[in-house]
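Student: Can you walk me through this one? I'd like to go over charges, burial and contacts.

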Amino acid sequence: MSSTIDTLHRMADQIARNFQHMGVESAVEATADHINMFWDPRMKDAIFANREGLTPIARAAIDELAAGIEPEHQTRATVFNAVDEVGHVDAG
Amino acid sequence: MGYERQADFGTPEATSDEPVTLTIDGREVTVPAGTSVMRAAAESGGSIPKLCATDNLKAYGSCRMCLVEIEGARGTPASCTTPATPGMVVHTQTPRLQKLRRGVMELYISDHPLDCLTCSANNDCELQEEAANVGLRDVRYGYEGTSHLGLPTDTSNPYFQFDPSKCIVCSRCVRACAEVQGTFALTIDGRGFASMVSASQASDNFLSSECVSCGACVQACPTATLQEKAVKDVGLPERSVVTTCAYCGVGCTFRAEMRGEQLVRMVPYKDGKANRGHSCVKGRFAWGYANHKDRITSPMIRDSIDQPWREVSWDEALSFAANKLNGIKQQYGARALGGITSSRCTNEETFLVQKLVRGGFGSNNVDTCARVCHSPTGYGLKTTFGTSAGTQDFDSVMDTDVVLLIGANPTDGHPVFASRMKRRLREGAKLIVIDPRRIDLVRSPHIEAAHHLPLQPGTNVAVLTAMAHVIVTEGLANDQFIRERCEVDEYEDWASFVSDVKHSPEFLEEVTRVPAQDLREAARLYATGGNAAIYYGLGVTEHSQGSSTVMAIANLAMVTGNIGRPGVGVNPLRGQNNVQGACDMGSFPHELSGYRHISDVETRALFEKDWGVALDPEPGLRINNMLDAAVDGSFRAIYIQGEDILQSDPNTQHVAAGLSAMDCVIVHDLFLNETANYAHVFLPGSTFLEKNGTFTNAERRIQPVRKVMEPANGYEDWEVTQLLANALGLNWTYTHPSEIMDEIARLTPSFAGVSWERLCAEDSLQWPVNEEYPDGSPIMHQDRFVRGKGKFVVTEYVPTDEKTGPRFPLLLTTGRILSQYNVGAQTRRTANTVWHAEDVLEMHPTDAENRGLNDGDWTKLASRTGETTLRVRVTDRVAPGVVYTTFHHPATQANVVTTDYSDWATNCPEYKVTAVQVMPSNGPSEWQEEYSDLSERSRRIEGEEMEPAE
């Protein structure tokens with residue numbers, strides 16, 4: 001695998017690991033949701049094409065995204081302000 | 001405006017709500033209870049002579065110039081120490097008082113040089129002014145006796161001098177150092193006639209003393225005793241402009257005091273709401289970089305980084321850049337282009353750069369340096385509170401009873417706020433420090449932390465969860481707050497999680513290395529000590545669990561009810577001057593200004609209509625991913641405004657590989673920084689003194705930046721971005737940043753009520769500023785969290801993948817020092833280098849002895865990523881097994897050794913944990929030698945004789 005694929009795997013696995021405490025089902029959704037909202041399309045495409053070796057939660061999340069399934073938001077971090085809303089502020 | 005000294009009411013403002021009415025010189029005056037007679041007179045337009053009094057210091061009553069007569073009172077009391085009382089009748093100008101004051105002045109002048117005409121403070125000297133006010137015409141004592149007139153001047157400090165022959169021993173400098181700055185470096189040495197101001201010990205001069213060069217003493221001095229050298233060299237200022245400092249996230253406001261087009265001095269603005277009239281060595285003095293010989297003021301281009309730079313016209317440089325960008329876009333598509341906005345530039349400039357990337361380049365590949373500092377703050381506080389900005393204003397600390405400081409070193413990183421915090425600690429607030437290093441606040445004059453928890457780097461989450469364990473299991477949770485303000489079901493899940501014995505301080509002690517009993521006591525103090533506020537910095541965020549740590553901090557604040565009122569809260573101390581603003585302005589690849597996701601159709605439509613372009617609906621690349629994509633060939637061009645990613649970002653060799661792989665790197669900066677070694681286009685930038693716009697500080701305070709001199713490069717930075725946009729055919733027509741702010745306000749709900757005109761009239765506004773909060777919002781979450789209920793988040797401790805082992809047995813953590821700023825591009829080009837000429841490696845004596853290292857030895861610092869060399873400083877400030885350095889100097893390139901590991905949620909790099917080995921060295925590393933050669937070659941300019949890099 002190229003260095004970039006290694007990096008993407010590390011990122012996805014790390015996200016999954018930090019959601020693991022939610023239970024498998026929610027962790028898969030949260031991982032998919034996170035990647036969906038924060039990753040550039042070429043990163044998603046690259047990991048869709050290189051899924052072997054991912055940890056189980058990350059793998060399930062990538063499978064879900066690759067299948068075109070829109071994940072439900074699991075954390076407030078992926079719920080953004082509406083067009084006329086002041087509410088959320090984030091620096092991420 | 002023309003030059004006039006800032007108003008001085010003699011004693012501090014009283015804060016009582018109770019009014020007191022008295023009569024002064026026949027005028028009825030009403031003031032708050034606790035106001036001094038001196039201040040009451042000044043506020044009503046009168047003037048009582050004074051020398052030892054100034055309104056940012058407590059009344060002292062020593063100079064005897066401010067004597068007054070009070071009907072019914074005996075004698076002639078000092079007006080500075082006499083509080084106004086109801087019905088008091090005061091006379092400030094009587095023949096008796098005039099005689100007394102003249103007699104006192106006569107004594108002062110008998111031991112003061114009469115060189116007013118040649119004195120650098122001529123016409124700006126309170127002693128001179130008061131001598132005139134009291135009508136001094138003669139000194140009966142003569143000048144022949146013993147005096148202090150022959151004492152030598154101390155010129156050791158690079159920015160100001162101390163001339164004791166002009167000192168009247170009013171103690172204003174000593175008191176300013178103590179009360180305002182909190183360093184206690186000055187004292188009055190000797191007694192009676194021998195009394196004189198002394199810096200630290202008698203053997204010290206100002207440079208060798210504990211003085212931190214904040215300038216408070218210089219500002220306080222009523223004579224020319226302590227004065228800026230620039231005033232001596234240039235002369236007194238003749239006009240002043242209030243503007244905002246471009247260093248850290250405190251956002252101090254200053255009066256830039258000018259003589260013609262020349263800046264004479266920066267004097268802290270007494271009405272500044274962030275700094276309250278105080279300053280640090282950087283903002284006060286370190287502005288000389290603006291005129292440094294390294295500054296580049298002409299555009300330059302080259303086809304390849306192997307070639308020397310070629311100075312060209314603006315038209316040629318912009319056309320060259322536009323052709324390259326257009327060619328790359330045509331061949332590889334819009335997503336091959338991107339940009340980095342600057343947290344050192346204004347909101348308006350940042351907004352334009354992201355607009356250029358999204359609307360001009362056609363991609364969302366825009367990011368900012370918050371990626372490498374506070375991005376986890378955004379993620380963590382948004383998840384828990386619904387908003388990421390600091391919850392308080394700086395004034396809030398004065399109502400705090402317990403300060404919990406974690407992963408921050410404010411006396412170095414945010415010194416002006418640190419002085420306010422120290423003032424509160426001296427008043428009796430308790431301090432808990434969680435930091436691997438013994439930072440200065442652990443023990444400094446008149447301050448001692450109640451608890452210092454010197455944790456193992458990388459274990460923040462474990463320590464904070466253990467504190468939560470103590471609070472929950474010992475029944476210290478604020479049940480009422482949780483019930484009313486938070487999601488109760490989530491709280492119960494979280495409480496069950498933290499209550500598990502495996503999260504107890506005792507169980508985790510092996511991991512955290514924090515004695516369990518200390519941790520328990522610290523947790524109890526935080527939960528029960530009154531108003532408790534958490535302040536944190538990059539020691540929290542720059543970890544693989546940075547976002548989790550921020551959420552763990554938010555959990556602690558919620559479980560104890562320390563949110564939503566003065567004195568409490570969660571306070572991220574922002575690194576650069578406009579980090580908050582850069583985030584607000586839509587600098588992140590997934591969102592537009594006002595934190596609205598790029599995938600939202602309505603939000604995109606709003607911008608598309610206003611900008612007249614279609615926007616990409618997909619998130620763009622983060623900085624680190626841009627570099628990966630560059631190495632892979634899918635990312636080919638970048639426009640970088642005011643950031644030096646080669647020096648500031650982790651794993652320098654990977655950054656270099658990414659930049660080297662690009663076809664077009666456009667650097668827009670003041671200097672040929674390290675990143676410019678890999679650039680093809682250099683667009684010269686302007687300093688904060690040369691532009692108009694706004695910065696937003698760590699309190700969400702938007703403040704005006706005002707141009708005090710013309711840009712040396714010919715254009716303000718927003719104009720340069722506009723020129724580049726127009727070279728790409730965008731037809732932008734802004735004529736002043738106020739028009740850009742109008743666009744921001746039009747498109748950004750939290751800025752709806754902001755305008756340049758309003759900011760200039762009101763000095764500052766804390767967003768949100770809109771219909772609901774027309775005058776801004778100093779403290780957030782007062783009645784409810786932004787998104788309703790507070791959310792407790794389970795923060796499972798996940799150790800970093802960066803492990804120590806036999807090859808790399810030590811943990812390196814990095815940080816900054818008071819006199820230098822970030823990559824040092826500005827401060828290295830000032831006299832601040834006298835305090836920090838090179839980065840050094842702090843190492844515990846045991847570790848040094850094991851390696852045969854002595855203080856000052858050259859060492860090789862090696863990690864799995866790379867190696868560099870630097871000198872070692874042996875100190876027990878760091879624990880055994882931990883080493884520490886700064887990243888201010890490119891010759892060291894500390895980031896050669898840091899790794900690609902990053903925060904799981906935001907990719908904020910894990911600067912604070914790198915496994916390293918340290919060994920004796922007798923020369924630079926291979927990387928340093930190669931980089932030095934490259935740097936020298938890359939900085940060549942056609943037609944100019946080659947000079948060393950710095």
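Tutor: We'll take salt bridges, then a surface patch, then some buried spots; keep in mind that this is a predicted model.

Student: How many salt bridges are there over all chains?

Tutor: The count comes to 58 salt bridges over all chains. Side chains of opposite charge can pair when their charged atoms come close.

Student: Start with B:D876. Which side chain does it meet in a salt bridge?

Tutor: B:R438. The N to O distance is 3.1 Å.

Student: And what does that pair tie together?

Tutor: Parts that are 438 residues apart in sequence. B:D876 sits in the loop between strand 34 (867–874) and strand 35 (882–886) of chain B. B:R438 is in the loop between strand 17 (430–434) and strand 18 (443–444) of chain B.

Student: Is B:R438 buried or exposed?

Tutor: Neither. B:R438 counts as partly exposed, at 36% relative accessibility. B:D876 is partly exposed too, with a relative accessible area of 47%.

Student: Next, B:D717. What's its salt-bridge partner?

Tutor: B:K691, at 2.8 Å, N to O. B:D717 lies in helix 25 (residues 717–727) of chain B. B:K691 lies in the loop between strand 27 (681–684) and strand 28 (693–696) of chain B, so the bridge links parts 26 residues apart in sequence.

Student: Is B:K691 buried or exposed?

Tutor: B:K691 counts as buried, at 3% relative accessibility. B:D717 is buried as well. Its relative accessible area is 4%.

Student: Which residues do salt bridges with shared partners join into one network?

Tutor: B:R5, B:D124, B:E129, B:E228, B:R255, B:E257, B:R265 and B:R284.

Student: What about B:D294? Which residue does it form a salt bridge with?

Tutor: B:K293. The closest N and O atoms are 3.5 Å apart. B:D294 is buried, with a relative accessible area of 15%. B:K293 counts as exposed, at 60% relative accessibility.

Student: Switching to the surface. Which residues gather in a patch of negative charge?

Tutor: B:E926, B:E929, B:E930, B:D933 and B:E936.

Student: Where is B:D933?

Tutor: In helix 29 (residues 926–938) of chain B. B:D933 is partly exposed, with a relative accessible area of 45%. A patch takes residues with over 30% relative accessible area and no salt bridge, so B:D933 clears the area cut-off.

Student: Does helix 29 come up again? Put differently, what covers the buried residues of helix 24 of chain B?

Tutor: The cover includes helix 29, along with helix 22 (623–632), strand 25 (637–641), helix 23 (645–648) and strand 26 (664–669) of chain B.

Student: And which residues of helix 24 are buried?

Tutor: Helix 24 spans residues 652–661 of chain B. Its buried residues are B:T652, B:H654, B:V655, B:A656, B:G658 and B:L659.

Student: Now B:S171. Where is it found?

Tutor: In the loop between strand 5 (160–162) and helix 4 (172–181) of chain B.

Student: Buried or exposed?

Tutor: B:S171 is buried, with a relative accessible area of 5%. Leaving out residues up to four places away in sequence, B:S171 touches B:Y60 and B:I188.

Student: Last one, B:R239. Where is it found?

Tutor: In strand 9 (residues 239–244) of chain B. B:R239 is partly exposed, with a relative accessible area of 23%.

Student: What separates the C-alpha atoms of B:R239 and B:Y3?

Tutor: 4.0 Å. Along the chain, B:R239 and B:Y3 are 236 residues apart.

How values were computed: Residues numbered from 1 in each chain as written. Chains lettered and ligands numbered in written order. Predicted model: local features only at pLDDT ≥ 70, side-chain atom pairs only at ≥ 80, totals over all residues. Heavy atoms only, no water. Patch = residues over 30% accessible without salt bridge, like charges linked within 9 Å, V, L, I, M, F, W, Y side chains within 5 Å. Areas by Shrake-Rupley, 256 points an atom, 1.4 Å probe, with all protein chains shown as cover. Salt bridge = Lys/Arg side-chain N within 4 Å of Asp/Glu carboxyl O. Lys, Arg positive; Asp, Glu negative; His and termini not counted. Charge placed at Lys NZ, Arg CZ, Asp CG, Glu CD. Helix = DSSP H or I, 4+ residues; strand = E, 2+ residues; numbered from the N terminus. Buried < 20%, exposed > 50% of the residue type's maximum accessible area, 1.4 Å probe, protein only. Contact = heavy atoms within 4.5 Å.
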